[in-house]
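Hi,

Here is the structure for you to look through. Please open it first, then read the notes underneath.

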Amino acid sequence: MLLRTFGWSFAITVIGLAAAAWGWGWEAFGIVLILSVLEISLSFDNAVVNAGVLKKLNAFWQKIFLTIGILIAVFGMRLVFPVVIVAISAKVGPIEAINLAIDDPNRYEDLVTDAHPAIAAFGGMFLLMIFLDFIFEDRDIKWLGWIERPLAKLGKLDMLSVTISLIVLMATAMTIATNAHVSTGHADKSATVLLSGVAGLITYLLVGGLSGHFENKLEEEEEREHEAEEEARKAGRQPTMVGLAGKAAFFMFLYLEVLDASFSFDGVIGAFAITNHIFWMALGLGIGAMYVRSLTVYLVRQGTLDDYVFLEHGAHYAIGALAVLLLVTIQYQVNEIVTGLIGVTLIAWSFWSSLRRNRALAGEGGDASEEKSEVTSGV
């Protein structure tokens, strides 16, 4: 069962890591491995959400999601999207960006370095909004309760995430302008950073709006499904548990693709905090996307939900750390390995906390309160 579900993911992992080591050396191997782990962890909750929706579809639409959907996810969002970001930021065509990366890597690196403030501002704001919206939400289970409880109370204020993000963006732009003023020959990128940061914020709000739209469509279809079941019971008929098809399934498929795209943004943008190499990004994120799809299938077939309740917290703290590091890299150099290991360390810590919690719950017969969950997390 495990090999049948994850077989392709294992094969792609071996091929991808071998290609990275053979083509670019052990540094590329390490970066691709870190990107893979980061993508899997950041998209773990996406797999859980996907599984919850996918199980409602019939076999045909499940195959569509796991074939056409994976092409969109791996080649569209993880390969094409990073190239588009570089092309727009460096003001070159997508084909030219790929050709430069292959034929003239020094020129490509210069273009990316020059465009890095725009990429970092855009990505930093997008990731910061994801983190703030998560941390300001009042959740039943808390990992770092001493941080999350007071922030959840502050989160009751409307538009707090947007306000804080804009303050951070203005402070970053002002710092850049000040440094450019006092440093001879240092270009003032403050206007570029402001514009790109606002674009990142707008993109986040737009993606969230689209996801919300399709989620509402999904809820409407589920309400119709429940009404049909009730009518069948009243008429003395047994409700049929057939997967949705037709228009309802199509809306679900679109909803899943928008969700996947929105979750892909954090992985792709976070990858720019680790490396600017588009081929390393494509390999690492592509491997991670394969595992997310395999995990979705596994959850559907097993009927299981995630047991590691703090992993989502760790992934979002990693997003917050990457957001800060992206903004810092506008002015200062940060080692790629260090950047990647910060995110992986936070995710590993949350995984370890989840294991401790599960052992404690098993020892008490599975009956524990929210407070117990926080205590057994080890913080």
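There are 8 aromatic pairs in this predicted model. One of them joins Trp24 and Phe279. This pair is stacked: the ring centres lie 6.2 Å apart, with 15 degrees between the planes. Trp24 sits in helix H1 (residues 2-24) and Phe279 in helix H11 (residues 278-302), so the contact ties together parts that are 255 residues apart in sequence.

How buried or exposed are the two partners? Trp24 has 38% relative accessibility and counts as partly exposed. Phe279, at 23%, is also partly exposed. The buried class would need under 20%.

Aromatic residues also group elsewhere. Phe131, Trp143, Tyr317 and Trp349 make up one aromatic cluster.

Now the surface. Which residues form the nonpolar patch? They are Leu71, Phe75, Leu79 and Val80. Together they offer about 340 Å² of accessible area. Leu79 belongs to helix H4 (residues 59-90). Its relative accessible area is 32%, so Leu79 is partly exposed. Patch members need over 30%, and Leu79 meets that with its 32%.

There is a charged patch as well. Glu220, Glu223, Glu227 and Glu231 form a negative patch on the surface. Glu223 is part of helix H9, which covers residues 190-234.

If you want places to click on, try these:
- the stacked pair, Trp24 and Phe279
- the nonpolar patch that includes Leu79
- the negative patch that includes Glu223

Best wishes

Note on methods
Residues numbered from 1 in each chain as written. Predicted model: local features only at pLDDT ≥ 70, side-chain atom pairs only at ≥ 80, totals over all residues. Heavy atoms only, no water. Patch = residues over 30% accessible without salt bridge, like charges linked within 9 Å, V, L, I, M, F, W, Y side chains within 5 Å. Areas by Shrake-Rupley, 256 points an atom, 1.4 Å probe, with all protein chains shown as cover. Salt bridge = Lys/Arg side-chain N within 4 Å of Asp/Glu carboxyl O. Lys, Arg positive; Asp, Glu negative; His and termini not counted. Charge placed at Lys NZ, Arg CZ, Asp CG, Glu CD. Helix = DSSP H or I, 4+ residues; strand = E, 2+ residues; numbered from the N terminus. Phe/Tyr/Trp six-rings, centres within 6.5 Å; stacked < 30°, edge-to-face > 60°. Buried < 20%, exposed > 50% of the residue type's maximum accessible area, 1.4 Å probe, protein only.
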